[in-house]
Every structure is written in structure tokens, then in C-alpha cells.
Amino acid sequence: MRGATPLGAVLLRVMVLSLVTGCLNPEELDEQTPQVAQAPLVVSTASLANARFDHTVTVLANGKVLAVGGKGSSGNKLASCELYDPATGLWTPTGSLNTGRAAHIAVLLNDGTVLVAGGISNTSVTLSSVERYDPATGTWSVMPSMAHAVWDLTATRLQDGRVLVAGGCPSPYTAAAQLFDPATNTWSTTGSMTMPRCDHRATLLDDGRVLITGGTYLQADSYRAEIFNPATGVFTATPNASSYKQPHQATRLADGRVLLLSGNSSGNEIYDPVSNSWSNAPAPFEQRYDQVAVLLADGSTVVFGGEPSSVERFSGGVWSIVGRTTGERQNPGVAVLQDGSVLLVGGSYIQWVQSSSTSWGGSPAPLATTELYRHAPSEVATFDATLRVPKCASPQVECDSSSLLHGRGSAFYGVEQNAPNTINGSCADGNSGTSNDESLQALRVRASHGGIMQAGQQVTIQAAVVGSVNGASTDVLDIFHAADANAPSWQLVATLPLTPAKSGRKDLSTTFTLPSGSLQAIRGTFRRGGTAVVCSTGSYDDHDDLVFAVSPGAPDTVPPTVAFTAPTSGALVNGSVTVTASASDNLGVARVEFLQGSTVVFTDTAAPYSFTWSAPNGPATLTARAYDAAGNAATANVSFTVDGLQPTVSITAPTSGTTVSGTVTVSANATDNTAVSRVSFYANGTLIGTDTTAPFSVSWNTTGLTGTQSLQAQAVDTVGNNANSPSVTVSTPPSSGASYDATLRTVSCAAVGTTCDSGSFFTGRATSGPEQNAPNTIGATCADGVGGTFHSDESLDRIRVFTRDGTSFRAGSVVTIEATVWAWSGYTSDQLDLYYAADARNPTWVLLTTMTPTASGANTLTATLTLPTGSLQAIRGQFRYGSNAGPCTSGSYNDRDDLVFAVAP
């Protein structure tokens, strides 16, 4: 069971298609349907195959939803991707990323493809790589990389189809921005933001400009916002917001303004791009962190996620609670479907661990569950002045107290309306403590199997509570039930302790079978210590009742319907086959059994009814048998063929033990009992290419690699069986080892090699930082400036020279010069001059190029050079603040370093 809650009979399909208009088609429902009132606003749907958070979701042009990457259950970065089909309510796998990643961005392009960029890899490396997904083929293509490796960046599709990518982590944050042109698959730089940002928000305005908010390195600066103008490529600061925006959510409203919701309870504001001004916005009922918000077609904004399970709607300047998710769901993926419903995908919840008797620590754990929010008229509970409690007067699929129960007792809490909210005011709340102490915030009762609540059917009771810092270890929720709300005789249903016993918000739930009774009630008693009694007397205790109508029901003689949705009849599948069936009933499906012959191999009690079967090779037949609560049953069969045989694969070139350089061909032989669909090639575990046609081969560029390299090929057949080849080990020419030359008084590679790298010798400058043997210029003829501090002000930290084709240094070779510099916060005033000298012993310096860093902090700048004739050559880097180019320009913040290397004729 995956926690999904199906709707009864054919109601699910009908609601998906018709709830946007707020009506049901009576011709599609059986004779019992007129009892059905409004549908619940939040319903569970199929679960993901892989639990994930820090992922992305994108609605494709065909209406399906693409979920990409993210962090898995063990913190691994996922390459897997899945597609959700709203027509079936199911997730299916699609092509995997070439590089697993989390905290990346995804954006739908005008041609229907999806661009994914940046993020963090499985080895915790920050990525600059970019991939593009083609829904027509379900495959990913590698695109040119970004200029910067970043995660928690933003991406915005501009009105002309280009994509603006801005900012990102890691520390120090970057202010850099880039533009991707999908027509040419090229990147170009544009103006930088006015300050570095990470985990910020970018909102496309109606006039085509982009508003950037929050996410600065210092929380105190996060109230500063700015706007990007695509026409000029310039970011311009807006007036300051009145409070910090870190973290926060930004959503464009229907009137073109932008609503900002902050984890700071006073940080909710609205930006008006017409007047270029900020105004305060009313706060939601619940303070939230890691929430998501979307704009609906009716102009309202709906907010999900964070610790509260409530769903809140902002319309006409007013907030209202309009639904409730099944539990905590932080930072879910969110997608507005073509029918107007909203899909919540995965996300995380906090796994709390007690580190001492009073201290708790937590880490996010991924969710595989998904839920649908359907914006339609729905009766939530209203206050009944006679009973003096929230009440749902007609039978519903669910009854929710909404915000009516928020708070506790007297005015110190200042929130609970119509306290104490117990039938006829029969049980008063405790009046001790503050708003951080115990409170029962909401109650919800819902039919577990869809359809309206009826006598004899199971319901789920959900309560939202707030535990106290001082009492969490003894805080307990008691759930009572009364079959007659007008004359209640309370029966204990369940006692639910806080697990873990941590203060703060918590959702608790239990199930219960409704007895007969047309107007029933539940009571929640949230108490600090004590015992389970209907009306406890503790000074911190909170009591609340919820009254709801129940249909008497009727004898059920209608059997369910059931059909296999996967695999299809006659299909060829692999040995680990996902078996899925759809089932419906006029009152609700109780369970679906899967049988092989007369043996039950799996039972599922929640839609989508599925399991993964390790099937033997050859023909197979399965039976699905669906039951309703009355014991009525129906069956369906499916026959298919299982291919569990793996392909065979081996690398044929290069052979193990050889030395390779430059660009080489890696080839493999692969066979299968059916057909090989693709062969992927890996070097040291990193994908270097995939071929789908025999003979299978890819080109591998070994430039810059040194030492032993391990090659492996993976073959996949047409049904997904895969096998890995034995590893082949090859070598690439070593780089020449760099060391300090006491005669030259700088770093030198005395032997001819493919690479010369200063390593950590140059890190820092003069007395600012750990630079060894400063100043590291030939003959110590050019001293460094001594102003500033290490890695706050300028320094040239590393120079690396390597051949582009992997061959050794020789006259006429084209080499890449890679310089790592540390730029000041005002980096646009910094420049790097690169010089070369054909004779390092008597250098005559020739200017190669001058470059400007693109961000503050660490920058890697590159240039190319065709080596002149000379057996011992040198590269000088001069990193300077202002001033002019020159081999040795004086300046308090200037740094010069020379790298010497041997060159063959």
C-alpha cells in the first residue's frame, strides 16, 4: 500500500474531467450517485517509483508532467525521471539524465522540450552541465555547459523564448547571469545582478521583465529586490521591501502584481511593477517554511506545503483554508494541470532524532506520494449557532473544520473563534500558557474509500495539533466519537501520542467505521499528561468538536469493475515487471488481489493497485480480483511473456593495459536474445557517451586526464534488462610534476609533459594568505602588493597549462592556460593579464590577453596559446585592481605569478 485514497465508482475519472466546471455529468454515474455531494479538494493519486525532493516538475505540452532528478532516500542524487499521465493517474519511467542531480532548474521551452541545468551531483560536485529532454523520444541530450557551476539558481523563459539563468550557490553566492538561446543551443553573458543571490526567486512580469527577490548571502540584505530588462540586459534595483525574504515564495497575481510569502510571519508583501512599490499583504492562517504557491485560472493563489497540512487560498485580499493534505509535505514539486487541478509531487518531511533529553535534530526524508488539489466549490464546516461547533450539514466525502478551531481558550491565544467549540459549550479549554503551548488547530473526517460518508463505511480522522516546548513529551491527542451529535454519548476511538515527542506542528490520524446515525460528531482532546476522558481539566488542554452528516446507505449488491492497465495483453516485459490494475465501485473498492493461478501473490488496498513482480521467464498469466466493502467481487486476466535474460557486453577497444591520449574510439560488442537497444560507455564511473546502433562505439576525449582510467560499457535490451562489461584499464600520459625551482625562484615543470600545474603553490598573495615562496616571479623581480586580506581581496591562486589534444608540450602545440583567481566583491574593477615568454631564463614578456572576472570570489579564466620555439618557456599571470596592463604593474592589491615548463622542439 502506498497511502493513496481512491474515489468511489467511476467518480475519479468524472471528477478529473468535470470538477473545473464545478459539476458532475449525471449520465456517467449510477443510480446511487445523487447521494454524492461535493468532492474533496485534495485526493491522493499514484505514487512515484522513487521518493524524491529538491527535484523539478514540468507540465509538458501534451499535458503530462515530467519529474526530474532530486535527492533520494539515502541522500543520493537521482538521474531517474518519471512521467505522470492525468488521464490514467499513473507514473511511468522515462529516459534518465546523463548526470544525476538535485537543486537544479528545469524550464519548458517554446518547442516543447525541457531544459535542465546546474545542481549538485552524486559526488557533491556543483554542476555547470546542461541537458535537454525531448518528449517525443523520451531521451536527454547534452547541451553546452553554463559558464558557472551553480545550484539553487533560477531560470525564467523570456517572452522571446530565451532563458534567463541567474545567481546560485555555493558560497560565495554569484551575481552572474546568462542567457540560453534554444534556437542555437548557445549561452551568452548578460549584465550581472546587483548582488550575489542563492535560493532566490525569479518572477516573469506581464511586461516581459523579470523580478528577482530574496536569497542574498546576508539575511539582512534579502529585502533588496531588482528587475532584469531583456531589452537592455541590465538589472536595476527596485525600492526595498520592508522585511527580509529568506526563504520565501513569489507568485505573480492575476492583476500582474507579485505576492511574496515569507517564513517570517511579518514578511508577506506585494510588489506592484506599475508603481514600482511595495505594500503589506495579509498573513495566511499558518506560518510556513518551504511552501509552494500557484496562480489558478480564476485568479486566486493557492499555497501548499511546509509544516502545516492545510491548503490556503488567497483571493480578493482574503485568505481561507480550502483543504488539507495527508500530512507534512515540504517543498513539493507543483504543477498546474490542463484541467485546472494542481498536482503535488514528492517533497520531504523532517525525520526528527532526539540527541539529548531536551534537544532534537532533524533531516529531510523524501516522499514518493503525490496528491491532486481540485479547485471546486466544496462545503467546509461552518459554525452552527445551535450546537455551537463547526458542522457539515449534508453528507460529504469529507468534513473539514477549516480555520474555525485555530487557537485555544481565552484571549491569550486570540485566534480561536467561538471558543470552546464543544457541543453546547459543554467542555471548556485550559487557559494557561502562550501561543507556543498546546493547541488543537483543526479536525477533518473523510470517507476512506471515496464517495460520501455512509453508515458502515470506514473514515479517516485527521487532526492538526501544536505541541508545547515544555510538554511535548507528555502531549497526547484523544479522539472520541458520538453517533448522535444532538445527544452525544462519547466513545473513545484512539489515543495518539506525539511521535516523535517534539514541540511544534504535527498531523495525527486514525481510522474508524461509522455506525448508524444521521448527524454524528468527533471530539479531539489534546492534553498535557492526564488520562483519556471526554472533558479533561488540564490548564493546557484543548477540546474541539466537529459535527457532520452521514448517509444511511443501502444494501450494496453492485460488484466492482477491474481491469489491468500494465502490462498489456501480449506484451514482452523484463523479469521485474510492474503490474497495475484499475478498479472502481459504486461505494468504494476495499482491496485488489493479484493471483497466479490460485495463489495470491500480492494484495493492495489503495489505488493505483500495483506491485512489482519478479517473474520467471516465459509465458505468464495473472488474475486481478477486486472486492468492495460488502464482499462483492470481480476479476480480470492478462497474459504476457517475460524476458528476464540479460544481454552480454564486452569492450573491444581500447585493450586493457594500453596507453591512450587525445581523442580515442571506445567500442564494444553486445548481444541479446531479443535485441540490444543501447550501449552506454563510462570512464571512471562517468558517462562519456551512448550508442544505439551496432557496432557500438563512442569518441572519448582524454585531454587533461592523467594516470589510470577504468572503462566499462553497459548494454540495455528492449525490455530494460541490462548488464555491465568487465572493466578495461588504460593509462593516459602523466603530467609533468611541478616543484619550486630555487634558481628560477618560482614553480617549474622540468620534464616535458602534457600538463603543468602550479597546484597550491600560488594560493594567496604576499603576506595575505598562504602563498609559498612569494612572490613566485622569475628571479623574484616583481613583488606582490601587500594590501587587503586573504580571500576577501585579490589573489592569483593557480595557473595550469595543458595541451588540447593530450600530446606532450612541443613547439607549435596549442595549449590551454587556465588561471584561478579570487576576485574582490567589486570584481568588475579587477583584470587578469596573461603574458608568455619563449625563454624563461631571459624572459621577454608578450601580452596574450586581458580578462575580467564574472563574479566575486573564485573564478576560473582560460585562454589558448600556440607554443613558440623554446626549450624552457613561462606563463606570467598578473591579477590587478584597476591600473593598467603590464608585466609588473604596481598596486597594493596586485598579484603576479610565473609558471615555467619544458617544451620539446
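Mentor: Welcome! Let's begin with a definition: a charge sits over a ring if NZ of Lys or CZ of Arg is within 6 Å of the ring centre and within 35 degrees of the ring normal. Keep in mind that this is a predicted model.

Trainee: Thanks! How far from the ring centre of Y540 is the charged end of R528?

Mentor: The cut-off to compare with is 6 Å from the ring centre. The charged end of R528 sits over the ring of Y540, and its distance from the centre is 3.6 Å.

Trainee: Over the face of which residue does R591 lie?

Mentor: Here the arginine is R591, and the distance to the ring centre is 3.9 Å. The residue whose face lies under R591 is Y627.

Trainee: Let's turn to rings that meet rings. How many aromatic pairs are there, and what kind of pair do F304 and Y373 form?

Mentor: The count comes to 14 aromatic pairs. For F304 and Y373, the centres are 5.4 Å apart and the planes make an angle of 75°. Planes over 60 degrees apart count as edge-to-face, so this pair of F304 and Y373 is edge-to-face.

Trainee: How many residues apart in sequence are the parts that F304 and Y373 tie together?

Mentor: F304 belongs to strand β23, residues 301–305, while Y373 belongs to strand β30, residues 370–373. Because the two partners lie in these two strands, the pair ties together parts whose separation in sequence is 69 residues.

Trainee: Is F304 buried or exposed?

Mentor: The relative accessibility of F304 is 0%. Buried means under 20%, so F304 counts as buried.

Trainee: What kind of aromatic pair do F602 and F611 form?

Mentor: The two ring centres of F602 and F611 are 5.1 Å apart, with 10° between the planes. Planes under 30 degrees apart count as stacked, so the pair of F602 and F611 is stacked.

Trainee: Which residues form one aromatic cluster with F602 and F611?

Mentor: F602 is partly exposed at 26% relative accessible area, whereas F611 is buried at 7%. Joining F602 and F611 in one aromatic cluster are F564 and F594.

Trainee: Now for charges. How many salt bridges does a search of the whole structure find?

Mentor: In general, side chains of opposite charge can pair when their charged atoms come close. For the whole structure, the search finds a number of salt bridges equal to 26.

Trainee: Where does E226, the salt-bridge partner of R197, lie?

Mentor: The side chains of R197 and E226 meet at 2.9 Å, N to O. The pair links distant parts of the chain, 29 residues apart, with R197 in the loop between β13 (186–189) and β14 (201–204). Both residues, R197 and E226, are buried. As for E226, its place is strand β16.

Trainee: Which strands hold D898 and R876?

Mentor: D898 and R876 form a salt bridge of 2.6 Å, N to O. The pair ties together parts that are 22 residues apart in sequence, because D898 lies in one strand, residues 895–902, and R876 in another, residues 872–881. The strand of D898 is β66, and that of R876 is β65.

Trainee: Which are the edge strands of the open sheet β42-β48-β47-β44-β45?

Mentor: This open sheet has 5 strands, and the pairing is mixed. An edge strand pairs on one side only, and the strands that do so are β42 (572–574) and β45 (599–604).

Trainee: What is the bridge partner of L572 in β48?

Mentor: β42 and β48 run parallel and are joined by 3 bridges. In β48, residues 633–643, the partner of L572 is T641.

Trainee: Last topic, disulfides! Which hand does the link of C169 and C198 have?

Mentor: The structure holds 5 disulfides. In one of them, the sulfur atoms of C169 and C198 are 1.5 Å apart. The torsion about their S-S bond is about -50°, so this disulfide is left-handed.

Trainee: And how many residues apart are C782 and C888?

Mentor: The sulfur atoms of C782 and C888 are 1.9 Å apart. C782 lies in the loop between β59 (755–757) and β60 (795–803), and C888 in the loop between β65 and β66, so many residues apart: 106.

Trainee: Is C888 buried or partly exposed?

Mentor: Its partner C782 is buried, with a relative accessible area of 1%. C888 has a relative accessibility of 42%, and partly exposed covers values between 20% and 50%, so C888 counts as partly exposed.

Note on methods. Residues are numbered from 1 along each chain as its sequence is written. This is a predicted model: local features need pLDDT of at least 70, side-chain atom pairs count only at pLDDT 80 or more; totals for chains, interfaces and linings use all residues. Side-chain values use heavy atoms; hydrogens and water are left out. Rings of Phe, Tyr and Trp (its six-membered ring) pair if their centres lie within 6.5 Å; planes under 30 degrees apart count as stacked, over 60 as edge-to-face and the rest as tilted. Helices (H or I, at least four residues) and strands (E, at least two) are DSSP runs, numbered from the N terminus. Buried means under 20% relative accessible area, exposed over 50%, partly exposed in between (1.4 Å probe, protein chains only). A salt bridge is a side-chain nitrogen of Lys or Arg within 4 Å of a carboxyl oxygen of Asp or Glu. Two strands pair if DSSP finds at least two bridges between them. A disulfide is a pair of cysteine sulfur atoms within 2.5 Å.
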